[in-house]
Amino acid sequence: MESADGGTATSQKITFGALIATLQPQADSLLEKIYEFSLSLFPNSTLANMSANQITTYEAIEVAIRRRRNGLAAINRVTIDIIHCIFAEVLDLDRIHDADYPLDRVEAHRKQLFRLRCVSSQWNEFILASPRYWSAINIGVSSEVIIRTMERAQHVPLCLYALLPTGTAGREMWRCNHLHRQTLQNQIAQVRSIRTNSPEASQFCETLLSRRPPILETLELTWPQSRWGTETIKQLPAGLEHLHQVKAVDWRPNEASSQLCKLQTLVLGGSPRLGARTIHLLAKCINLLTLVFHEHDGWPSGSTAPVPTATLPRLQELTLDFKGVESPKFLLKRLAFPPQSKGSLRIEYPSYPDAEVIDTLSNFILPNTAARPIPDGAVINIHRKPDQSTWATTRIIYSAGVRSVDLGGPTSSDQAAGFTKLIKAFQTRLNDPPLTIKLINYQKTDFMFRRLADVDVRKVLVKAPKDFYDVLWLIGSSHPSGIRDKPQLPFASLQELSIEDARINAKQLIGMVATRRRLLRAISQPCLRKISLVNCRLIDTSLEKITTELAVLGVVLIGTGCTFFRGK
């Protein structure tokens with residue numbers, strides 16, 4: 001339609017838009033000045049006394065200025081793709097469908113998403129408009145929240161998860177919420193992973209599996225433990241063409257499941273006892289890349305039936321976590337996997353010792369190389385951590401290449417002799433590799449470590465000892481004058497000593513080094529060559545002076561973060 005001056009309505013709009021663009025900087029500048037003037041008139045402490053009109057004006061100005069500042073923010077100078085990459089890294093978007101990604105981290109993803117939304121209104125709008133950030137859905141919340149999250153996720157693949165509920169109300173929710181089931185079944189085609197550590201939620205998720213999610217890749221379920229202690233076996237539904245990661249806690253997939261040949265990751269954990277059926281199960285998993293056993297009890301005794309060997313030609317990583325030695329001893333003899341594959345074996349309560357156990361563990365560390373020396377770079381650690389209620393305080397960790405064995409140590413002095421015997425037998429079987437001892441919060445009342453005095457220990461690391469006196473006691477003296485003049489020192493092969501977070505008496509340290517040097521040189525044995533002090537407090541003697549005096553004795557001192565103070 002023509003206007004009075006011959007222009008069109010469209011040209012009027014364009015002219016008006018151009019006028020707004022011209023005046024916008026001046027308007028922004030004016031609003032900022034008004035905002036600053038308002039702050040001087042109405043400080044925060046007096047906002048409660050403002051009239052309704054004053055508050056409305058003040059808030060309108062504040063919003064305008066905030067939007068202006070958001071426009072100048074650094075995030076607006078970055079491309080959208082880079083912003084998505086940053087947010088994806090913060091939210092671990094690439095990990096939430098992985099079976100080895102901790103379930104509590106999936107829940108942390110949702111909380112982190114909320115925190116990012118609170119940064120600014122602009123971030124909130126950006127996240128709400130991006131479906132990729134809404135792929136993790138907690139199915140233990142209300143149906144309304146689930147529906148809203150699914151709407152935001154649009155067509156992206158979903159991770160459905162649920163955490164172990166607390167209280168009776170949480171458990172009852174899974175029995176009666178039919179709306180949950182209908183809501184989730186409507187979106188079953190988008191489900192890429194189903195993960196829960198809740199037995200109640202696992203039973204609920206079984207109904208979702210019956211719908212055969214077409215793109216399901218990861219399945220993690222925890223099944224209710226049987227009242228009679230029998231093993232729970234579940235059939236994996238057919239038609240799950242993409243399923244390749246299964247984590248089964250307190251249950252085991254049926255060895256007849258057609259999906260087993262497609263699995264690349266299998267995690268078996270909880271109470272089910274291992275047996276021949278487990279070997280039959282593994283024999284079907286010919287494409288397995290990662291195999292994990294967690295917290296299994298011993299192998300059933302009394303069975304005389306022959307058990308075949310399961311060959312896993314593609315296995316790259318094996319993790320075994322057991323309470324006793326019977327299960328790994330039986331299992332390792334019946335698994336054939338590549339010698340170069342990575343392996344980790346943790347035994348919480350080993351028996352002391354057994355020739356068959358020693359051979360089994362040694363062959364696991366160095367497969368088919370019984371007569372070969374331990375490879376370069378091998379590390380053997382014996383360490384003590386602060387007392388914990390669930391783990392033995394002393395542990396021995398043997399590592400060679402990509403393999404490691406972690407053995408729980410004695411919890412009482414009565415068990416120490418057996419533990420020492422186990423270590424020495426292991427040492428002999430592995431051709432006597434050097435040991436490293438790591439001690440945290442060490443004190444000389446610890447009964448274990450002086451029993452290893454005649455083992456080839458090359459390095460001792462002590463963190464936060466109760467007293468420096470205890471460290472000297474450990475390696476042969478409570479005071480330089482306390483070492484008897486005969487060449488029988490504990491840890492005579494010691495080459496390196498590292499002390500962290502301790503008060504150091506320099507005179508005692510230098511005296512101990514001098515005395516050990518004199519006694520060891522008398523029998524032509526190598527002396528201590530390196531001492532590291534980390535975050536230590538040096539009494540009465542500076543680091544420079546200690547370094548000089550130890551250098552005369554052939555010892556290199558490295559100090560990091562140490563401080564000097566004068567004793568009383």
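## The sheet β20-β22-β24

In this predicted model, three strands make up an open sheet with the order β20-β22-β24, and they pair in parallel. The edges of the sheet are β20, residues 503-505, and β24, residues 563-565; each of these pairs on one side only. On average, neighbouring strands in the sheet are turned by 30° against each other, direction ignored. Strands of a sheet pair through backbone hydrogen bonds, and the pairing is either parallel or antiparallel.

Strand β22 covers residues 537-539 and is joined to β24 by three bridges. One residue pair can be picked out here: R537 has T563 in β24 as its bridge partner.

## Helix α15

Helix α15 takes up residues 506-522 and lies across β20 and β22. The helix runs at about 60° to β20. Its length can be checked with simple arithmetic. The helix has 17 residues, and at 1.5 Å a residue the expected span is 24 Å; the C-alpha atoms at its ends are 25 Å apart, so the two values agree.

Both ends of α15 have a feature to look for. At the N-terminal end, N505 acts as a cap, with a side-chain oxygen 3.1 Å from the backbone nitrogen of K507. After the helix comes S524, which has a positive phi, near 60°.

## What covers α15

The buried residues of α15 are A506, Q508, L509, I510, G511, M512, V513, T515, R516, L519 and L520. Several elements take part in covering them. Among the helices are α14 (468-474) and α16 (543-552). Among the strands are β19 (496-500), β20, β21 (530-534) and β22. Two of these strands, β20 and β22, are also the ones that α15 lies across.

## Strands β17, β18 and β19

Strand β17 (residues 435-440) pairs with strand β18 (residues 457-463) in the parallel sense, over six bridges. In this pairing, L439 stands opposite V462 of β18. Strand β18 also pairs with β19, again in the parallel sense, and here there are five bridges. L461 has S498 in β19 as its bridge partner.

Strand β19 contains E496. Is E496 buried or exposed? Its relative accessibility is 18%, and buried means under 20%, so E496 counts as buried. Leaving aside neighbours within four places in sequence, E496 is in contact with R458, K459, V460, L528, K530 and S532. T436 is 60 residues from E496 along the chain, and the C-alpha atoms of the two are separated by 9.4 Å.

## Strands β2, β3 and β4

Strand β3 runs from 191 to 196. Five of its six residues are buried, so the strand is largely enclosed by the rest of the structure. Strand β2 (residues 158-162) is joined to β3 by five bridges, and the two run parallel. In that pairing, the bridge partner of Y161 is R195 of β3.

Strand β3 also pairs with strand β4 (residues 218-222). This pairing is parallel too, with three bridges. Here S193 has T218 in β4 as its bridge partner.

## Helices α12 and α13

Helix α12 covers residues 355-365 and includes S362. The relative accessible area of S362 is 1%, so this residue is buried. Leaving aside neighbours within four places in sequence, S362 touches F426, R429 and L430.

Helix α13 spans residues 413-429. What length should its 17 residues give? At 1.5 Å a residue the helix should span 24 Å, and its end C-alpha atoms are 25 Å apart, which agrees. The buried residues of α13 are A416, G418, F419, T420, L422, I423, F426, Q427 and R429. Two of these, F426 and R429, are contacts of S362. After α13 comes N431, with a positive phi near 65°.

## The protein overall

The secondary structure comes to 16 helices and 24 strands. The protein has 568 residues, of which 45% count as buried. The exposed surface comes to about 29100 Å², and carbon and sulfur atoms supply 53% of that area.

Contacts can also be sorted by separation along the chain. Of the contacts with a separation of 6 or more, 67% are between residues 24 or more positions apart.

Note on methods: Residues are numbered from 1 along each chain as its sequence is written. This is a predicted model: local features need pLDDT of at least 70, side-chain atom pairs count only at pLDDT 80 or more; totals for chains, interfaces and linings use all residues. Side-chain values use heavy atoms; hydrogens and water are left out. Two strands pair if DSSP finds at least two bridges between them. Helices (H or I, at least four residues) and strands (E, at least two) are DSSP runs, numbered from the N terminus. Axes are lines fitted to C-alpha atoms, for helices over the stretch in contact, and angles run from 0 to 180 degrees between N-to-C directions. Contact means heavy atoms within 4.5 Å. The expected span of a helix is 1.5 Å times one less than its number of residues. Buried means under 20% relative accessible area, exposed over 50%, partly exposed in between (1.4 Å probe, protein chains only). A polar contact is a pair of N or O atoms within 3.5 Å; within protein, one must be able to donate a hydrogen and the other to accept it, and residues adjacent in sequence count only if both atoms are side-chain atoms. Accessible areas come from the Shrake-Rupley method with a 1.4 Å probe; for residues, only the protein chains shown count as cover.
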